[in-house]
Amino acid sequence: MLVVSNIDLTTDLPTMKPSTFLESSIKDFTLNINNDYRYLKTGYYVSLHAEILGNSVIPTSENLVDAYRTPILLLRASKAGIPTVPYIVTGSVKQIMAEIGFPTVLFAVNPFSYDGFRIAKNRSALYRAVKSLEMNYKFPVCAQPLQGEVISFKSIFGKCEMDGKIREISEMVYEVFGIPLCKLHAQRAEEEAYLCGLQPLRKEELLPKDLKVISEEIWQISKNGEHRIG
């Protein structure tokens, strides 16, 4: 197994930097560890390069493209049985007010914004949020009703520090998309939880205990030969 990582890991297994891997033609199962897998980022290219070489890889480039687009993330998650909130994709503030109402949670759909979400509780806040996320009305937004509180948390190979329904969502998202490192957003309403978004992690968000979890998971995958997810 070949581990390609842009993170300094504590594992004893040999790892390769993404820049080195992208210049190589190594044929082996590839585990791509990166804090940011967005389209056109290095993490994405590592998976794509592995696929071009004919390698099995975690995560796949297809899953990366889908997971970082909130509407596609929610569509695939819903089909896989993961609880999600209803949503619309639109550039119309009037449509959001008519079909979603207040308060509403807004995620960018454009390929340049990825840092979290906005919550709008009134008309003026909605206009400001939509204008910002649409990049002056060039792209639509993904609007969802706010049904409870939004919880944001790190997901490391599907593991997280949350419990109950939130933990289940983290595990299921990993089963479907196979993304080793990401931040998930979920709404918690009463006793239920609903997936509502995904974004990359910043390197500084990874604590020593997270690196330990990553290394343990890499070891388990190398030991068990878990070469396919999603």
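Which strands does helix 7 (residues 164-177) lie across? Helix 7 lies across strand 9, strand 10 and strand 11, running at about 45° to strand 11. Axes here are lines fitted to C-alpha atoms, for helices over the stretch in contact, with angles from 0 to 180 degrees between N-to-C directions; contact means heavy atoms within 4.5 Å.

## Ground rules

This is a predicted model, where local features need pLDDT of at least 70 and side-chain atom pairs count only at pLDDT 80 or more, while totals for chains, interfaces and linings use all residues. Numbering starts from 1 along each chain as its sequence is written, and side-chain values use heavy atoms, with hydrogens and water left out.

## The antiparallel sheet

The sheet under helix 7 is an open one of 3 strands, ordered 9-10-11 with antiparallel pairing. Strand 9 (149-156) and strand 11 (192-199) are its edges, each pairing on one side only. On average, neighbouring strands of this sheet are turned by 30° against each other, direction ignored. Helices (H or I, at least four residues) and strands (E, at least two) are DSSP runs, numbered from the N terminus.

Strand 9 and strand 10 (residues 181-189) pair over 8 bridges; two strands count as paired if DSSP finds at least two bridges between them. Take Ser 152: its bridge partner in strand 10 is His 185.

## The parallel sheet

Another open sheet has 4 strands in the order 2-1-3-4, and here the pairing is parallel. Strand 2 (15-16) and strand 4 form the edges, each pairing on one side only. Strand 1 and strand 2 are joined by 2 bridges, and Val 4 has Met 16 in strand 2 as its bridge partner.

## Helix 2 and its cover

Which residues of helix 2 are buried? They are Gly 43, Tyr 44, Val 46, Ser 47, His 49 and Ala 50, where buried means under 20% relative accessible area, exposed over 50%, and partly exposed in between (1.4 Å probe, protein chains only). Their cover includes strand 1 (2-5), helix 1 (18-22), strand 3, strand 4 (57-58) and helix 3 (61-67). Just after helix 2, Gly 54 takes a positive phi of about 90°.

## A nonpolar patch

Tyr 39 sits in the loop between strand 3 (30-33) and helix 2 (42-52) and is partly exposed, at 44% relative accessible area. Tyr 39 joins Leu 22, Leu 40, Tyr 45 and Val 65 in a nonpolar surface patch with about 420 Å² of accessible area together. Areas come from the Shrake-Rupley method with a 1.4 Å probe; for residues, only the protein chains shown count as cover.

Patches are made of residues with over 30% relative accessible area and no salt bridge, with like charges joined within 9 Å and nonpolar side chains (Val, Leu, Ile, Met, Phe, Trp, Tyr) within 5 Å. A salt bridge is a side-chain nitrogen of Lys or Arg within 4 Å of a carboxyl oxygen of Asp or Glu.
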